[in-house]
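Colleague: I am new to this structure and should be grateful for a guided introduction. May I put some questions to you once it is displayed?

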Amino acid sequence: MASTTFLIALVVVVAMVAVPAMATDHWVGDDQGWKLDFNYTAWAATKEFHVGDKLIFKYKKDAHNVYKADQASFQSCTPSNDITPLTSGNDIIPLKTTGKKWYICGVGKHCEKGMKVAINVLPELGSPSPSPSSPNGPAPSAASWIAPNSKFVALIVAVFAIFVAIMN
């Protein structure tokens, strides 16, 4: 009985700690992929992007491409000359930093026809967010190591569950 309880407690702890930290693969356009006649603004509005996630652009090779753009290039649909487009038809872009990101198709007038997407990348799930009043976040305090977060709470729950399992 105790070993069963221990195993259940261990599975619960692993799920609590690992699941929030898992990254998400975002298939741009979902099952439609990267194509003309799709509303990427509406698509992006239904998603939450975090550092550690990936954008995956699926499309017919040679029919489209993907340029990383800045806001001006995104708005004007003019790819930068110093950016090499992604052209594999299965382009994976890891989201490594927070902030606004813009992507466009540089083939013909595809961008002007709506083949562009803008996203806002948030901090990694489970990571502390900086304070809005300070760009570098709050100053660390002597007691900052005890600030509860989901992993710390999960660890305490796990230790308690293991203790209870052993004592039964």
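Modeller: Let us begin with one residue, Asp53: leaving aside neighbours within four places in sequence, Asp53 is in contact (heavy atoms within 4.5 Å) with Ala23, Thr24, His26, Glu48, Ile93, Pro94 and Leu95. This is a predicted model, in which local features need pLDDT of at least 70 and side-chain atom pairs count only at pLDDT 80 or more, while totals for chains, interfaces and linings use all residues. Residues are numbered from 1 along each chain as its sequence is written, and side-chain values use heavy atoms, with hydrogens and water left out.

Colleague: Which backbone nitrogen does the side chain of Asp53 reach?

Modeller: Asp53 lies in the loop between strand E2 (49-50) and strand E3 (54-58); strands here are DSSP runs of E with at least two residues, and helices are runs of H or I with at least four, numbered from the N terminus. At a distance of 2.9 Å, the side chain of Asp53 reaches the backbone nitrogen of His50.

Colleague: How far from Asp53 is the nearest side chain of opposite charge?

Modeller: Asp53 is buried, that is, under 20% relative accessible area with a 1.4 Å probe and protein chains only. Asp53 has no salt bridge, a term that requires a side-chain nitrogen of Lys or Arg within 4 Å of a carboxyl oxygen of Asp or Glu. The nearest side chain of opposite charge (Lys and Arg count as positive, Asp and Glu as negative; His and the chain ends are not counted) belongs to Lys54, at 9.6 Å.

Colleague: Which cysteines form a disulfide?

Modeller: A disulfide is a covalent bond between the sulfur atoms of two cysteines; the criterion here is a pair of cysteine sulfur atoms within 2.5 Å. The structure holds one disulfide. Its sulfur atoms are 2.1 Å apart, and the residues are Cys77 and Cys111.

Colleague: How many residues apart are Cys77 and Cys111?

Modeller: Cys77 is in the loop between helix H3 (71-76) and strand E5 (90-94). Cys111 is in the loop between strand E6 (99-104) and strand E7 (116-122). The pair thus links distant parts of the chain, and the separation is 34 residues.

Colleague: Is the disulfide of Cys77 and Cys111 left-handed or right-handed?

Modeller: The torsion about the S-S bond of Cys77 and Cys111 is about -70 degrees. The disulfide is therefore left-handed.

Colleague: Why is Cys105 without a bond to the closest cysteine sulfur?

Modeller: Cys105 counts as buried, at 2% relative accessibility. The closest cysteine sulfur is in Cys111. That sulfur is too far for a bond, because the distance is 7.9 Å.

How values were computed:
Buried < 20%, exposed > 50% of the residue type's maximum accessible area, 1.4 Å probe, protein only. Polar contact = N/O pair within 3.5 Å; in protein donor to acceptor, adjacent residues only side chain to side chain.
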